[in-house]
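Here are my notes on the fold, set out as numbered points. Please read them with the structure open.

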Amino acid sequence: MKKQELVFGIHAVGSVLENHPERVLELYLLQGRVDERVTPLIARAQEYGVSLQQMSRKVLDDKTGSSQHQGIVARVKPAKVLSEHDLEALLKATEKPFLLILDGVTDPHNLGACLRNADAAGVQGIIVPKDNSVGITSIVTKVACGAAEIVPLFQVTNLARTMRYLQDKGIWIIGTAGEADGTLYQADLTGPLAIAMGAEGKGLRRLTREACDSLISIPMAGSVSSLNVSVATGVCLFEAVRQRLA
């Protein structure tokens, strides 16, 4: 297991300082950058005794492997990996669960965007398989714009078994598939719910698909056959939000 990792970008660093300041070991700042977006983060870090270093843009680029760090990088302890046991605790504390299952999403940009969608929609947790799936990385946290520190990500050993466990707890699981007979807008998304989304290009694996209570498709009017998984996730989550608010 990694002993430390990097989080970069205004929103990502701000979120870890706000929600888990105990994880922050050190803050790296672009030399000469002092403005209203960075100043509160520096003050927050100093409250917790976090040391600060000023560095050139090239050093920050090299550290993060990116030019998208916005002049602020945090060296942090890795987040705790949440498991099936933690999921059980969440369900005990939740009256009407609203969960997202991501089956084999390997692109960190897509996971980051899905985390951001999930946070905006009020999803209480995301479930992914341990194998053949990306976890929380510096790219994920940057794309998630702070949501990676807020939305719990549960990594489970056997996704189909975890789905059966959710069903035993009264949670209805709806999966997405292009060939499904019913559409998103015909589905009842108002009760205890988990929405299952498939990997980029491949969709849900056979065992995951068979473990769903029902399958739905997103109506497509144009010539493209499918949407990016993070876009499709946003469409599905916010249809559920619309129904749940109504």
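1. Which residue in strand 3 does leucine 30 stand opposite? In this predicted model, the partner of leucine 30 is methionine 55 of strand 3, and tyrosine 28 likewise stands opposite glutamine 53 in strand 3. These positions belong to the pairing of strand 2 (residues 24-30) with strand 3 (residues 51-55), which run parallel and are joined by 5 bridges.

2. Between these two strands, the chain passes from strand 2 through helix 2 (residues 39-47) and on to strand 3, forming a β-α-β crossover that is right-handed.

3. An open sheet of 4 strands takes the order 1-4-2-3, and its pairing is mixed. Strand 1 (5-8) and strand 3 are the edge strands, each pairing on one side only, while neighbouring strands of this sheet are turned against each other by 25° on average, with direction ignored.

4. The largest nonpolar core has 34 residues, of which Phe98, Leu102, Leu115, Ile126, Ile195, Met197 and Leu237 touch the most other members. At least two residues of this core come from each of several elements, including strand 5 (98-103), helix 5 (108-121), strand 10 (193-198) and helix 9 (229-245); helix 9 gives the most, with 6 residues.

5. Leucine 102 merits a look of its own: leaving aside residues up to four places away in sequence, leucine 102 touches Leu111, Cys114, Ile126, Ile127, Val128, Pro129, Met197 and Thr233. A second core, separate from the one above, holds 19 residues, among them Leu90, Val156, Ala194 and Cys212.

Note on methods. Residues are numbered from 1 along each chain as its sequence is written. This is a predicted model: local features need pLDDT of at least 70, side-chain atom pairs count only at pLDDT 80 or more; totals for chains, interfaces and linings use all residues. Side-chain values use heavy atoms; hydrogens and water are left out. A nonpolar core is a set of buried Ala, Val, Leu, Ile, Met, Phe, Trp, Tyr and Cys residues joined through side-chain atoms within 4.5 Å. Buried means under 20% relative accessible area, exposed over 50%, partly exposed in between (1.4 Å probe, protein chains only). Contact means heavy atoms within 4.5 Å. Two strands pair if DSSP finds at least two bridges between them. A crossover is right-handed if, with the strands pointing away from the viewer, the path from the first strand over the helix to the second runs clockwise. Axes are lines fitted to C-alpha atoms, for helices over the stretch in contact, and angles run from 0 to 180 degrees between N-to-C directions.
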